[in-house]
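Student: Could we go through this one together? I'd like to know what stands behind the labels people use.

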Amino acid sequence: MIYMDNAATTALSREALQEMLPYLTECYGNASSIYRFGQRARKAVEDSRRRIASLLGVRPMELYFTSGGTEADNWALLAAAENAGGGHIITSAIEHHAVLNSCKYLERRGFSVSYLPVDKRGFVRPETLEREIREDTFLISIMAANNEIGTVQPIAELGTIAHRHGILFHTDAVQAFGQIPIDIEGMHIDLLSASAHKLYGPKGVGLLYLRRSVRLPALLHGGAQERGKRAGTENVAGIAGFARAAELAFSDMSERAARESVLRDHLIARIEREIPDCFLNGDRRERLPNNVNFCIRGVEGESLLIRLDQQGICAGSGAACSSGSLEPSHVLRALGLSHADAYGSLRLSLGRETTREETDLTADSLREIVRELRTQQES
Ligand code: PLP
């Protein structure tokens with residue numbers, strides 16, 4: 001199998017699994033129990049919080065563990081809205097559905113939301129953001145990097161604008177965390193969402209960074225876990241695995257990015273050279289190091305995925321959670337692509353283990369599959 005869908009999820013690393021195992025087996029105590037057996041679990045949670053906080057350069061008390069990126073995004077938006085009581089939110093048209101559908105929900109509750117357009121390569125223009133700000137804007141939420149086309153947003157500039165107007169700034173960093181540097185202070189980030197399973201950690205665990213000076217209500221109500229802000233028995237093993245995965249991802253971030261971007265550019269160059277009538281989506285420079293996204297004219301993304309799968313290659317088309325739906329990707333549509341072009345999209349996302357040979361095999365297979373599909377259509 002050739003795994004080219006690391007933007008959807010990654011393999012759990014051996015090191016993260018090792019870190020998790022004791023809390024799934026012998027050390028199964030509840031982190032909220034008073035006895036020492038439970039306190040070992042508590043220590044694992046708090047050590048993990050400290051370790052991740054030090055990677056981000058924030059205070060441990062500013063991190064809240066969640067069940068993943070979706071929960072962190074929901075929490076950031078719904079809590080900021082509850083706090084404001086009414087008013088206006090600005091986001092972009094290319095956010096993940098975790099943000100977009102939270103915004104849609106808030107619209108139904110009477111809030112107003114602006115969905116900023118992006119340019120042809122997927123950038124939110126700072127001047128567009130500035131123009132959209134209103135008296136009653138209380139939150140700006142712009143993703144750090146896009147999950148489909150890999151475009152990395154000018155977060156520092158956008159955050160500066162938000163803070164100049166005294167507006168809270170949230171970024172969905174699920175795809176960026178552990179892949180590209182994030183500077184919470186320099187980028188003026190008040191709230192940030194991240195998820196472990198995108199960086200070789202376990203599924204079902206993530207975090208919300210919440211700046212200490214920002215007071216927001218809880219999303220889940222119940223026990224006093226996470227300082228009363230996020231009720232529910234802690235996922236101790238998941239949290240421990242997240243911390244280890246994050247440490248590893250941060251420790252080799254620049255080498256990994258350098259290695260993956262060479263492979264990415266090699267794959268892009270081969271596709272552009274060998275497959276007629278296709279074009280790259282997103283930007284060439286401000287792009288996640290592992291993201292390749294093409295529109296291949298005259299073929300359907302779904303057919304491509306099925307044929308690639310038959311050859312043992314896992315790839316993506318649109319967002320993982322929206323594949324299966326008949327709507328073309330909202331991200332590609334926001335770039336100005338026609339329905340027909342957006343249907344012919346393919347995302348290949350490389351990972352830590354991807355080899356040059358795998359990128360070559362993928363390019364070979366893709367060239368042949370596209371040729372066959374186009375011939376079939378002509379006949
Ligand atoms: N935000 C972005 C940009 C994502 O890519 C994803 C997952 O694909 C999510 C949020 C949701 O994260 P999770 O799967 O941890 O709920």
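Tutor: Let's start with the ligand: helix α3 (residues 69-84) gives the most to the shell around it, with three residues. Helices here are DSSP runs (H or I, at least four residues), strands likewise (E, at least two), numbered from the N terminus. Keep in mind that this is a predicted model, where local features need pLDDT of at least 70 and side-chain atom pairs pLDDT 80 or more, while totals for chains, interfaces and linings use all residues. Residues are numbered from 1 along each chain as its sequence is written, and side-chain values use heavy atoms, leaving out hydrogens and water.

Student: What makes the contact between aspartate 172 and the ligand a polar one?
Tutor: A polar contact is a pair of N or O atoms within 3.5 Å; within protein, one must be able to donate a hydrogen and the other to accept it, and residues adjacent in sequence count only if both atoms are side-chain atoms. A polar side-chain atom of aspartate 172 is 2.6 Å from a nitrogen atom of the ligand, so the pair falls within the cut-off. Glutamine 175 also brings a polar side-chain atom, 2.8 Å from a ligand oxygen.

Student: Why is the pair of arginine 50 and aspartate 47 called a salt bridge?
Tutor: The term asks for a side-chain nitrogen of Lys or Arg within 4 Å of a carboxyl oxygen of Asp or Glu. Here the closest N and O atoms are 2.6 Å apart, so the label fits. Both residues sit in helix α2 (residues 36-56), and because they are three residues apart, about one helical turn separates them.

Student: What does the salt bridge between arginine 51 and glutamate 247 tie together?
Tutor: Their closest N and O atoms are 2.7 Å apart. Arginine 51 lies in helix α2 and glutamate 247 in helix α7 (residues 236-251), so parts 196 residues apart in sequence are joined.

Student: Aspartate 283 and arginine 121 also meet in a salt bridge; how do you know which of the two labels, buried or partly exposed, aspartate 283 gets?
Tutor: Buried means under 20% relative accessible area, exposed over 50%, and partly exposed in between (1.4 Å probe, protein chains only). Aspartate 283 is at 7%, so buried is the word. Arginine 121, at 41%, is partly exposed.

Student: And what makes alanine 93 buried or partly exposed?
Tutor: Its relative accessible area is 21%, so alanine 93 counts as partly exposed. You'll find alanine 93 in the loop between β3 (88-92) and α4 (97-108).
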